Amino acid sequence: THGSPQYAVSAGIMKGDECVAGAILHPVSGDLYTAIQGNGAFKNGKPIRVSTRNPLSNCLVVTGFPYSRQEFLETLLTGIKLTLQNARGLRRTGSCCVDMTYLAEGIFDAHYEFFLKPWDTAAATCIVREAGGSVTNLAGKKYVPGMTLMLASNGKIQKELLEVLKPLQTLMPEHYL
């Protein structure tokens with residue numbers, strides 16, 4: 001919307017609750033990100049890997065906001081505050097798929113976001129995991145598309161990021177966790 005070039009087309013193949021293959025196309029640049037479980041992640045056919053940056057204070061984090069942001073404004077603002085206090089920087093592109101592909105190729109070091117839909121995250125989680133990253137929920141358990149919060153990183157900062165964002169658990173209504 002508004003002419004922003006930050007958008008993508010995403011398709012994932014699910015087997016049970018896990019994405020086993022995914023593709024994300026950035027139409028403006030023509031870049032195609034792909035992954036098949038167990039075979040690595042690729043950008044335009046060339047292998048990609050997550051960054052190796054750590055600790056979190058040296059890392060760039062990206063986030064997004066749900067459409068229901070007014071209902072969860074305190075939670076969102078707390079997440080922003082905690083991230084800004086602990087990371088090198090915080091960005092928002094407006095597209096989870098763009099964020100996750102940039103994480104997979106090492107531009108961003110982490111991404112977290114609430115209330116994403118499976119079509120936003122299925123292919124993206126496969127690509128990030130195949131690029132060497134970690135994707136969990138806020139409790140540190142394996143993220144399954146459709147969960148309330150997705151927290152992804154290069155893996156090196158996953159535990160630190162989980163600890164930093166832990167206060168968000170107390171701000172979310174229990175039925176969302």
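Tutor: The expected span of a helix is 1.5 Å times one less than its number of residues. The model considered here is predicted.

Student: How many residues does helix α1 have, and what is its reach from first C-alpha to last?

Tutor: Helix α1, residues 73-86, has 14 residues. Its first and last C-alpha atoms are 20 Å apart, close to the 20 Å expected at 1.5 Å a residue.

Student: Which residues of α1 are buried?

Tutor: The general idea concerns periodicity. An α-helix has 3.6 residues a turn, so residues three or four places apart point the same way. In this case the buried residues of α1 are T75, L76, G79, I80, L82 and T83. These residues lie on the same side of α1, because they cover an arc of only 165° around the axis. On the other side of α1, the exposed residues are E74, K81, L84 and Q85.

Student: What covers the buried residues of α1?

Tutor: The cover includes strands β6, β7 (89-91) and β8, together with helices α4 (158-165) and α5 (168-171).

Student: How should the nonpolar interior be read?

Tutor: In soluble globular proteins, nonpolar side chains tend to be buried together. Here the largest nonpolar core has 29 residues, and I24, M100, I127, V135 and M150 have the most contacts inside it. At least two residues of this core come from each of β2 (18-26), β3 (31-36), β6 (60-63), α2 (96-104), α3 (118-130) and β10 (149-153). Helix α2 gives the most to this core, with seven residues. A second, separate core of 22 residues includes C59, A110, L161 and L168.

Student: Where is H111 placed, and is H111 buried or exposed?

Tutor: H111 is in strand β8, residues 110-114. Because its relative accessibility is 0%, H111 counts as buried. Leaving aside residues up to four places away in sequence, H111 touches ten listed neighbours, among them V62, C96, M100 and M150. The side chains of H111 and D99 are joined by a polar contact of 3.2 Å.

Student: Where is N137 placed, and which residues does N137 touch beyond four places in sequence?

Tutor: N137 is in the loop between β9 (134-136) and β10. A loop position may still be assessed by its accessible area: N137 is buried, at a relative accessible area of 15%. A polar atom of the N137 side chain lies 2.9 Å from the backbone nitrogen of A139. Beyond four places in sequence, N137 touches Y143, M147, L149 and L162.

Methods: Residues are numbered from 1 along each chain as its sequence is written. This is a predicted model: local features need pLDDT of at least 70, side-chain atom pairs count only at pLDDT 80 or more; totals for chains, interfaces and linings use all residues. Side-chain values use heavy atoms; hydrogens and water are left out. Helices (H or I, at least four residues) and strands (E, at least two) are DSSP runs, numbered from the N terminus. Buried means under 20% relative accessible area, exposed over 50%, partly exposed in between (1.4 Å probe, protein chains only). Contact means heavy atoms within 4.5 Å. A polar contact is a pair of N or O atoms within 3.5 Å; within protein, one must be able to donate a hydrogen and the other to accept it, and residues adjacent in sequence count only if both atoms are side-chain atoms. A nonpolar core is a set of buried Ala, Val, Leu, Ile, Met, Phe, Trp, Tyr and Cys residues joined through side-chain atoms within 4.5 Å. The arc is that of the directions from the helix axis to the C-beta atoms.
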